[in-house]
Amino acid sequence: MTREEIVSLFARCQDAMERRDAAAMAAQHAGTCVMESPTAGGSVTGRSAIAQVYESWFRGFPDLVATTDELLIDGDRVAQLWTVSGTDTGGFLGLPPTGKPFKIPLLWLCTVQENLITHSHPIYDFTGMLVQIGVLKTKRV
């Protein structure tokens, strides 16, 4: 893929994210794409399973905002920095909504091929996000 094709692919991802469109996000992934995600409890394969991961975020945080900070491209490997924020008003991962907000940095590592993402690995502080929304408690020292 050319640099321009990769930039266009990630622009489509950003557009789908802004619209909170899980199907459009999943459509940017290959049918055999593997996504590694704490939200999925490990890894999932295929557009349907990937769409479910995105949908859990959009359902749990209806006001989800994900802004891109930087896109780094090295051949077929891509790293994109995001800032993700939202308020737990929909109930995340089937838990009751807490009404509390969160804001985290996220590094999205991907492999791309033939205008699609073939491997997706979002890296973020999942535990810290759960603490921010009040699902997990921290012990004060």
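**Helix 1, the sheet and an aromatic cluster**

The buried residues of helix 1 are covered by several elements, including helix 2 (22–26), helix 3, strand 3 (65–74), strand 4 (77–87), strand 5 and strand 6 (116–124). This model is predicted.

Start with helix 1 itself. It has 16 residues (residues 3–18), and at 1.5 Å a residue it should span 22 Å; its end C-alpha atoms are 22 Å apart, so the expected and computed values agree. Which residues of helix 1 are buried? They are I6, L9, F10, C13, Q14, A16 and M17. These buried residues cover an arc of only 165° around the axis, which means that they lie on the same side of helix 1. On the other side of helix 1, E4 and E18 are exposed. Just after helix 1 comes R20, which takes a positive phi of about 55°.

Next, the sheet. Strands of a sheet pair through backbone hydrogen bonds, and the pairing is either parallel or antiparallel. Here six strands form an open sheet with mixed pairing, and their order is 2-1-6-5-4-3. Strand 2 (42–45) and strand 3 are the edge strands, each of which pairs on one side only. From one strand to the next, the twist averages 15°.

The order can be followed from the strand 2 edge. Strand 1 and strand 2 are antiparallel and share four bridges. One residue of this pairing is M35, whose bridge partner in strand 2 is V44. The two strands form a hairpin with four residues between the strands, and in this hairpin G41 takes a positive phi near 75°.

Strand 1 (residues 29–37) also pairs with strand 6, in the parallel sense and over three bridges. Here V34 has H119 of strand 6 as its bridge partner.

Strand 6 in turn is joined to strand 5 by eight bridges, and these two strands run antiparallel. H119 appears again in this pairing, as the bridge partner of T111. Strand 5 and strand 6 form a hairpin with two residues between them. E114 is placed in the loop between strand 5 and strand 6. Its phi is near 50°, a positive value in a residue other than glycine. Is E114 buried or exposed? Its relative accessibility is 70%, and exposed means over 50%, so E114 counts as exposed.

How many bridges pair strand 4 with strand 5? There are 11 bridges, and the sense is antiparallel. In this pairing T111 of strand 5 is the bridge partner of R77. The loop between strand 4 and strand 5 holds L93. L93 is not a glycine, yet it has a positive phi of about 55°. At 42% relative accessibility, L93 counts as partly exposed, because that class lies between the cut-offs of 20% and 50%.

With the sheet laid out, the helices can be placed against it. Helix 1 lies across strand 3, strand 4, strand 5 and strand 6, and runs at about 165° to strand 3. Helix 3 packs on the sheet as well, where it touches strand 1, strand 2, strand 4, strand 5 and strand 6. The direction of helix 3 makes about 50° with that of strand 1.

The last topic is the aromatic rings. A pair of aromatic rings is described by the distance of the centres and the angle of the planes. The structure holds 10 aromatic pairs. One of them is formed by W57 and F102, whose ring centres are 6.1 Å apart and whose planes stand at 55°. Planes under 30 degrees apart count as stacked and over 60 as edge-to-face, so this pair is tilted. W57 lies in helix 3 (residues 47–60) and F102 in strand 5 (residues 101–113), so the pair ties together parts that are 45 residues apart in sequence. Both W57 and F102 are buried. Which residues do ring pairs link into a cluster? The cluster is made up of W57, F61, F92, F102, Y124 and F126.

Methods:
Residues are numbered from 1 along each chain as its sequence is written. This is a predicted model: local features need pLDDT of at least 70, side-chain atom pairs count only at pLDDT 80 or more; totals for chains, interfaces and linings use all residues. Side-chain values use heavy atoms; hydrogens and water are left out. Rings of Phe, Tyr and Trp (its six-membered ring) pair if their centres lie within 6.5 Å; planes under 30 degrees apart count as stacked, over 60 as edge-to-face and the rest as tilted. Buried means under 20% relative accessible area, exposed over 50%, partly exposed in between (1.4 Å probe, protein chains only). The expected span of a helix is 1.5 Å times one less than its number of residues. The arc is that of the directions from the helix axis to the C-beta atoms. Contact means heavy atoms within 4.5 Å. Two strands pair if DSSP finds at least two bridges between them. Axes are lines fitted to C-alpha atoms, for helices over the stretch in contact, and angles run from 0 to 180 degrees between N-to-C directions.
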